[in-house]
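Hi everyone, thanks for making time for this one. I'd like to walk you through a single chain and look at a few of its residues together.

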Amino acid sequence: MESKDYLNDISEIKNLMNKSSRFISLSGLSGILAGIYAIIGAAIAYYVVTNSVRGYLILDGVVFRTCVGILIAIAVLSIGTAIFLTTKKAKKNGEKVWDSTSKRLIINFLIPLVTGGAYILIILNQERYGQTAALMLIFYGLALVNASKYSIGDIRYLGYTEIVLGLICA
């Protein structure tokens, strides 16, 4: 009988340690919906670009500003969906969304992502467009790898995949 108590205690300790060191409230559905939003946005942007007068994108045109607007709308919609579904999941499970683990996750994710975004904007300002796609993949992969210690382990492998794809793209 005592051995059952020990096993229950060990299991409870393991669950507490996992909750205190990993952010596990993120809704998987939010990632799926973000992908769907991106596909719809890409289709709309493709339609806008191919049906424009030129048939291609230039950086100082109305078509470019329209595509940037679509990009911003997708980002806002994806982030809003993630926040809504994650909050809903956390309340359902009786967990807090904004704790020290989630703060560490956000900080470790944003440091390489913001650094990469700033670097990409710098090289775009210098009119060197050729490596932007590769750099976006690489810095996003680095952000995922950096934040993976506070999330599920599969995020690390997704980050490695993004980095490899970025290197192939380069």
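Let's start with a question: what covers the buried residues of H3? H2 is included in that cover, where cover goes by contact, meaning heavy atoms within 4.5 Å. Buried here means under 20% relative accessible area, exposed means over 50%, and partly exposed is in between, with a 1.4 Å probe and protein chains only.

A word on where this comes from. The model is predicted, so local features need pLDDT of at least 70 and side-chain atom pairs count only at pLDDT 80 or more, while totals for chains, interfaces and linings use all residues. Residues are numbered from 1 along each chain as its sequence is written, and side-chain values use heavy atoms, with hydrogens and water left out.

Now the overall picture. The chain has six helices and zero strands, and from the N terminus on its elements read α-α-α-α-α-α. For the assignment, helices (H or I, at least four residues) and strands (E, at least two) are DSSP runs, numbered from the N terminus. There are 170 residues in the chain, and 25% of them count as buried. The chain exposes about 11900 Å², with carbon and sulfur atoms supplying 69% of that; these areas come from the Shrake-Rupley method with a 1.4 Å probe, and for residues only the protein chains shown count as cover. If you take the contacts in the chain with a separation of 6 or more, 66% of them are between residues 24 or more positions apart.

Back to H3, then. This helix has 32 residues and reaches 46 Å from its first C-alpha to its last, close to the 46 Å expected at 1.5 Å a residue. That expected span is 1.5 Å times one less than the number of residues. Which residues of H3 are buried? They are Cys-67, Ile-70, Ile-74, Ser-78, Thr-81, Leu-85, Thr-86 and Ala-90. Here's a handy reminder for reading such a list: an α-helix has 3.6 residues a turn, so residues three or four places apart point the same way. Just past the end, H3 is followed by Gly-94, which has a positive phi, near 70°.

Some of those names come back in the largest nonpolar core. By nonpolar core I mean a set of buried Ala, Val, Leu, Ile, Met, Phe, Trp, Tyr and Cys residues joined through side-chain atoms within 4.5 Å. This one has six residues in all: Tyr-37, Ala-45, Val-49, Cys-67, Ile-70 and Ile-74. Helix H2 (28-50) and helix H3 (62-93) are the elements that give two or more residues to it. Looking at Tyr-37 itself, and leaving out residues up to four places away in sequence, we find it touching Ile-74, Leu-77, Ser-78 and Thr-81.

What about the cysteines? Cys-67 counts as buried because its relative accessibility is 15%, whereas Cys-169 is partly exposed, at 44%. How many disulfides does a search of the whole structure find? Zero, taking a disulfide as a pair of cysteine sulfur atoms within 2.5 Å.

Next, three polar side chains that reach backbone oxygens. A polar contact is a pair of N or O atoms within 3.5 Å; within protein, one must be able to donate a hydrogen and the other to accept it, and residues adjacent in sequence count only if both atoms are side-chain atoms.

- Thr-86, in helix H3, is buried because its relative accessibility is 4%, and its side chain reaches the backbone oxygen of Ala-82 at 2.7 Å.
- Ser-52, in the loop between H2 and H3, is buried at 16%, and its side chain reaches the backbone oxygen of Val-49 at 2.8 Å.
- Asn-108, in helix H4 (residues 100-125), is buried at 16%, and its side chain reaches the backbone oxygen of Arg-104 at 2.8 Å.

Asn-108 also has partners further along the chain: it touches Ala-143, Asn-146, Ala-147, Lys-149 and Tyr-150, not counting residues up to four places away in sequence.

Last stop: the loop between H4 and helix H5 (132-147), which holds Glu-127. Most residues other than glycine have a negative phi. The phi of Glu-127, however, is positive, near 60°, and this residue is exposed, at 59% relative accessible area. Tyr-129 is in that loop between H4 and H5 too; it is partly exposed, at 38%, and touches Leu-59 and Leu-124, again not counting residues up to four places away in sequence.
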